[in-house]
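Q: I'm new to this one, so please pick a single spot and take me through it slowly. Start there, then show me what lies around it.

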Amino acid sequence: LRLYTRAGYAAQYAQVKSAAGKSEDPLQFLRIYAAHSEFAPMDSQSRFVVPQKLVDHAGLGREVVMGGMNEWLEIWDRGELKSQAEGSREKFGPLLSEALKPKLN
């Protein structure tokens with residue numbers, strides 16, 4: 001499940017709207033996106049409630065993990081994230097090592 005600021009959501013929506021133009025049914029494409037989007041206001045302690053329809057859609061259980069992805073936050077079911085992460089270090093380790101090497105000029 002992705003969480004965006006309003007500005008981040010506007011940028012993401014611009015990309016979705018552009019992609020909709022490539023669909024054979026742009027309105028239905030946008031309806032599907034909108035059906036899985038929701039604004040969640042924060043309370044005075046900066047908390048928010050994830051709407052149940054999005055909890056269900058994302059398959060979130062009792063234990064979740066929240067992580068930053070630079071321009072958005074993700075909420076994962078703990079078990080699903082663990083399953084997704086298996087083998088990732090072996091798969092992406094060499095590329096990540098290369099990307100993190102200091103550039104010497």
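A: Two strands count as paired if DSSP finds at least two bridges between them, and strands themselves are DSSP runs (E, at least two residues; helices are H or I, at least four), numbered from the N terminus. Keep in mind that this is a predicted model, where local features need pLDDT of at least 70, side-chain atom pairs count only at pLDDT 80 or more, and totals for chains, interfaces and linings use all residues. Residues are numbered from 1 along each chain as its sequence is written, and side-chain values use heavy atoms, leaving out hydrogens and water.

Let's zoom in on E74, which sits in strand β3 (residues 73–77). Opposite E74 stands R2, in strand β1 (residues 2–3), which runs antiparallel to β3 and is joined to it by 2 bridges. E74 is buried (under 20% relative accessible area; over 50% is exposed, in between partly exposed; 1.4 Å probe, protein chains only). Even so, E74 has no salt bridge (a side-chain nitrogen of Lys or Arg within 4 Å of a carboxyl oxygen of Asp or Glu). The nearest side chain of opposite charge (Lys and Arg positive, Asp and Glu negative; His and chain ends not counted) is that of R2, 4.1 Å away.

What E74 does have is a polar contact of 3.2 Å between its side chain and that of W72 (N or O atoms within 3.5 Å, one able to donate a hydrogen and the other to accept it). Leaving aside residues up to four places away in sequence, E74 touches L1, R2, V65, M66, G67 and M69 (heavy atoms within 4.5 Å).

Several of those neighbours belong to strand β2 (residues 64–68), among them M66, whose bridge partner in β3 is I75. β2 and β3 run antiparallel, with 5 bridges between them, and G68 stands opposite L73. Their hairpin has 4 residues between the strands, and there N70 takes a positive phi near 65°.

Now for the salt bridges elsewhere: the structure holds 4 of them. One joins E38 and K53 at 3.2 Å, N to O, linking the loop between α2 (26–35) and α3 (52–58) to helix α3, 15 residues apart. E38 is partly exposed at 42% relative accessibility, and K53 is partly exposed at 42%. In another, D43 meets R47 at 2.8 Å, and D43 is partly exposed at 32%. E63 also forms a salt bridge, with R78, at 3.0 Å. R78 is partly exposed, at 44%.
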